[in-house]
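Reader: I am new to protein structures and would like to learn how the words used for them are earned. Could you show me the structure and take my questions one by one?

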Amino acid sequence: MRGKSVLLIIGGGIAAYKALELVRRLAERGVKTRAILTKAGAEFVTPLSLSALTGEKIYSDLFSLTDEAEMGHIQLSRSADLVVVAPATADLMAKMANGLANDLASTALLATDKPVLMAPAMNVRMWQSASVTRNRDILAKDGVLFVGPNDGEMACGEFGPGRIAEPLEIVAAIESALAVEGPLAGIRALVTAGPTREPVDPVRFLANHSSGKQGYAIADALARAGADTTLISGPVSLAAPQGVRLQRVTTAREMLAACEAALPADVLVMAAAVADWRPDVAANSKIKKSTDRVVPLIKLVENPDILATLSAHAARPRLVIGFAAETDDVVSNAVAKRTRKGADWIIANDVSGDVMGGERNRVHLISEAGIEDWPDMTKNEVGTRLAARIAQKLKGAA
Ligand code: CTP
């Protein structure tokens, strides 16, 4: 998001005070905000506090000679990468849905050539009224994006949908809206993450230490770069990254079926630590200790290799990327794995330390072109760098 800019239109309502925190959160992320404060909005927040936070002049008047001399309203409406309306009142929604332009905010909304994101906030009965519902449908059909409103208690004392989305939710929606035109726009990505669990009986399973963090970071980075991203995840305790379609599975066989159902895709990233074996049979009831202390023998059978299966699939993604979790001879094992599994790239990492479950990773990217050693970095940074490399490969993006 760094370097992007947002035109924030602040409607009149008690939720307007949250716009101040939104501006702060955007500034923390390196996003520049210019604000249009409606007349009603100015009843709730002052131009002075907004200007102190944005570091910019605040615009409010359509017929102001000084404003027009500085930046005409048409230019203002196009100066940002995204127009955000927060709070979006019933009035602003009605104006935009019907093409009214009788003040600076509505004129900017009509004149802009940029995507518009609305964060509605109003009384629950207003939100559910026939006219607001109609206007919302029109706006959605026109391509306007929405975040919220949320359910909850409102300033007016009533309960239900109408509360403005939290500032961080709005930031997340801005992040994905800005990524629409990212380097991976139009690309379908399929990512797997986490361990798989192979049941022994109803209370026991075989699994591994995978936390899912690397796969989730990759899915997040791909979605932020604009890819239409599906994440198929084994059992982990992570929240779905914003804008990612998350499907949870348990076993390797479920993961394979979910991946096949998610095809076609342009790129596959198999970051999951798939269990190589599963118990031949999963007992239906808990296996009990025997009185003569004989321990049960669990016969294992091999799980399908998802990476190898999808590499040889009729709908093989154009770019197939596997991981190699190694404890010895990391690079040479990973080079052999690339050929054996039919992958285009392998991301090799040494998992003998605290990589599994940790925040950092040091990887080698193995491709037909050779071996790249990436420095030690956070898993998020690995995700971002990998997304950039994928964009370069698939779209020739820099
Ligand atoms: N993988 C898979 N299906 C499996 C096992 C692994 O798709 N049944 C994928 C992993 O997601 C990873 C790659 O294959 O992208 C390599 O996984 P890894 O555990 O390093 O290799 P193994 O297949 O277990 O091979 P080895 O036993 O030689 O380490």
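**How the words are earned**

Author: Let's start with Ser77: its relative accessible area is 1%, and this is a predicted model.

Reader: Why is Ser77 called buried?

Author: Buried means under 20% relative accessible area. Ser77 has 1%, so the residue counts as buried.

Reader: Where does Ser77 sit, and what does Ser77 touch?

Author: Ser77 belongs to helix 4, which covers residues 73-78. Leaving aside residues up to four places away in sequence, Ser77 touches Leu7, Val83, Ala108, Ala111, Thr112 and Lys114.

Reader: What makes the approach of the Ser77 side chain to the backbone oxygen of Ile74 a polar contact?

Author: The cut-off for such a pair of N or O atoms is 3.5 Å. The side chain of Ser77 reaches the backbone oxygen of Ile74 at 2.6 Å, which is within that limit.

Reader: How do you know whether Leu76 is buried or exposed?

Author: The test is the one used for Ser77. Leu76, also placed in helix 4, has 1% relative accessibility; the limit is under 20%, so Leu76 counts as buried. Along the chain, Leu76 and Asp329 are 253 residues apart, and their C-alpha atoms are separated by 58 Å.

Reader: Ser5 has 13% relative accessibility. What is Ser5 called, buried or exposed?

Author: Buried, because 13% is still under 20%. Ser5 is part of strand 1. Beyond residues up to four places away in sequence, Ser5 is in contact with Val31, Lys32, Ser79, Ala80, Asp81 and Leu82.

Reader: What makes helix 6 mostly covered?

Author: Count its residues: helix 6 spans 104-111, and seven of its eight residues are buried. They are Leu104, Ala105, Ser106, Thr107, Ala108, Leu109 and Ala111.

Reader: What do these buried residues of helix 6 pack against?

Author: Their partners are strand 1 (5-10), strand 2 (32-37), helix 4, strand 3 (82-88), helix 5 (90-98) and strand 4 (116-120). One contact named earlier fits here: Ser77 of helix 4 touches Ala108 and Ala111.

Reader: Now the ligand, please. How many residues surround the ligand, and which are the closest?

Author: There are 15 residues around the ligand, and the closest are Met270, Ala272, Leu307, Lys337 and Lys341.

Reader: How do you know that the ligand has polar contacts with the backbone?

Author: Set each distance against the limit of 3.5 Å. A polar backbone atom of Pro304 is 3.0 Å from a nitrogen atom of the ligand. Ile306 has a backbone N or O atom 3.0 Å from a ligand nitrogen. For Phe323, a backbone N or O atom lies 2.8 Å from an oxygen atom of the ligand. These distances are within 3.5 Å, so they count as polar contacts.

Reader: How much of the ligand does the protein bury?

Author: The ligand taken alone exposes 570 Å², and the protein buries 79% of that.

Reader: What does the whole protein look like in numbers?

Author: The protein has 14 helices and 21 strands, and its C-alpha trace spans about 85 × 55 × 40 Å along the principal axes. Of its 398 residues, 49% count as buried. The protein exposes about 19200 Å², with carbon and sulfur atoms supplying 52% of it. Finally, there are 45 positive and 45 negative charges, and their mean positions are 3 Å apart.

Notes: Residues numbered from 1 in each chain as written. Predicted model: local features only at pLDDT ≥ 70, side-chain atom pairs only at ≥ 80, totals over all residues. Heavy atoms only, no water. Helix = DSSP H or I, 4+ residues; strand = E, 2+ residues; numbered from the N terminus. Buried < 20%, exposed > 50% of the residue type's maximum accessible area, 1.4 Å probe, protein only. Areas by Shrake-Rupley, 256 points an atom, 1.4 Å probe, with all protein chains shown as cover. Lys, Arg positive; Asp, Glu negative; His and termini not counted. Charge placed at Lys NZ, Arg CZ, Asp CG, Glu CD. Near = heavy atom within 4 Å. Polar contact = N/O pair within 3.5 Å; in protein donor to acceptor, adjacent residues only side chain to side chain. Contact = heavy atoms within 4.5 Å.
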